[in-house]
Amino acid sequence: MQIQIFQDKESLHRAVAQMFVDAVKAKPSIVLGLATGSSPLETYENMIKDHQENGTDYSEVVTFNLDEYIGLDGSHSQSYRHFMNTSLFNGLNIPLGQTNVPSGTGDVDKTCEDYEAKIANTGGIDLQLLGIGTNGHIGFNEPGTPFDTRTHVTELTKETIDGNARFFESAESVPKKAVTMGIQTIMDAKKIVLIAYGSKKAAAIRDMVNGPITESMPASILQDHSDTTLFLDEEAAALLKPE
Ligand code: F6R
């Protein structure tokens with residue numbers, strides 16, 4: 001794992017956005033894995049700004065998002081489909097038909113199977129963006145998820161529900177289940193970038209980097225990935241063992 005530490009969040013987001021822009025320019029038909037939540041938000045803003053100013057072309061790019069809440073239709077304001085359309089896709093020239101977010105409604109088992117097949121058909125994810133939960137989850141792969149999982153339905157932990165309650169009217173209205181790419185799906189990405197900032201993420205970052213590889217800390221499996229870079233601010237990096 002490579003680690004880059006930034007003095008402030010703004011330069012971190014600029015660096016991640018630049019990496020994505022460079023990757024799209026190098027391979028216009030790139031397959032991107034994308035995340036929702038607060039971690040990538042300003043990275044996406046920087047990508048849109050670059051597109052407006054420099055015209056970076058997304059017309060051939062294909063994307064796959066990590067996850068979606070079960071029970072929320074794509075038009076729901078808290079669905080991850082809605083988040084992606086409004087936070088990124090609508091600001092780029094990417095045809096929405098080339099953007100994939102698992103459906104949280106309908107036959108979810110079929111959704112999981114189809115999602116894996118669709119990823120495989122593209123030749124696999126070239127560059128995957130991740131955030132990390134305070135409990136070490138990646139995607140919605142909560143602690144205890146087997147490392148060999150592919151896209152599946154998962155029950156969200158209380159910690160995750162409470163963490164995401166800020167986006168809903170109350171913790172009770174947060175869906176209790178989600179569809180998520182599995183840990184093996186994520187590990188199959190050729191290159192992985194994980195963003196974390198703020199002191200709330202410091203313990204998870206310490207455990208994923210310096211701790212043992214264990215299913216109780218899902219992100220620790222990234223120690224075994226051949227091309228993963230962590231983009232951290234100083235607060236998120238504060239508990240790491242010095243080199
Ligand atoms: C989002 C996702 C989650 C988040 C994680 C961190 O698609 O899969 O793993 O990346 O919960 O969330 P934030 O960025 O809101 O702190």
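Arg 206 is partly exposed, with a relative accessible area of 32%; here buried stands for under 20% relative accessible area, exposed for over 50%, and partly exposed for values in between, computed with a 1.4 Å probe and protein chains only. Arg 206 meets the side chain of Asp 207 in a salt bridge, at 3.0 Å from N to O, a salt bridge being a side-chain nitrogen of Lys or Arg within 4 Å of a carboxyl oxygen of Asp or Glu. Asp 207 also counts as partly exposed, at 30% relative accessibility. Elsewhere, Lys 27, Asp 126 and Lys 190 are joined into one network by salt bridges that share partners.

The model is a predicted one, in which local features need pLDDT of at least 70 and side-chain atom pairs count only at pLDDT 80 or more, whereas totals for chains, interfaces and linings use all residues. Residues are numbered from 1 along each chain as its sequence is written, and side-chain values rest on heavy atoms, with hydrogens and water left out.

Across the whole structure, the search finds 10 salt bridges. One of them joins the side chains of Glu 116 and Arg 150, at 3.1 Å from N to O. This pair links distant parts of the chain, with the two positions 34 residues apart: Glu 116 belongs to helix 4 (residues 108-122), and Arg 150 to the loop between strand 6 (127-130) and strand 7. Helices (H or I, at least four residues) and strands (E, at least two) are DSSP runs, numbered from the N terminus. The two partners make a pleasant contrast in accessibility: Glu 116 is buried, with a relative accessible area of 16%, while Arg 150 is partly exposed at 36%.

A further salt bridge connects Asp 162 with Lys 158, whose closest N and O atoms are 2.6 Å apart. Both residues sit in helix 5 (residues 158-164), and because they are 4 residues apart there, about one helical turn separates them. Lys 158 counts as exposed, at 63% relative accessibility, and Asp 162 as partly exposed, at 39%.

Turning to the strands, an open sheet of 7 strands shows the order 1-10-9-6-2-3-5, with parallel pairing; two strands pair if DSSP finds at least two bridges between them. Strand 1 (2-6) and strand 5 (99-100) form the edges, each pairing on one side only. Within this sheet, strand 2 (residues 31-34) and strand 3 (residues 62-65) pair in the parallel sense over 4 bridges, and Leu 32 stands opposite Thr 63 of strand 3.

Antiparallel pairing is found around strand 8 (residues 177-180), which is joined to strand 4 (residues 67-69) over 3 bridges. Asp 67 has Thr 180 in strand 8 as its bridge partner. Strand 7 (residues 152-155) also runs antiparallel to strand 8, with 4 bridges between them, and here Thr 154 faces Ala 178 as its opposite residue.

Finally, Asp 8, Glu 10, Glu 234 and Glu 235 gather in a patch of negative charge on the surface. Such patches are made of residues with over 30% relative accessible area and no salt bridge, like charges being joined within 9 Å. Asp 8 lies in the loop between strand 1 and helix 1 (9-26) and counts as partly exposed, at 30% relative accessibility.

Key: Patch = residues over 30% accessible without salt bridge, like charges linked within 9 Å, V, L, I, M, F, W, Y side chains within 5 Å. Areas by Shrake-Rupley, 256 points an atom, 1.4 Å probe, with all protein chains shown as cover. Lys, Arg positive; Asp, Glu negative; His and termini not counted. Charge placed at Lys NZ, Arg CZ, Asp CG, Glu CD.
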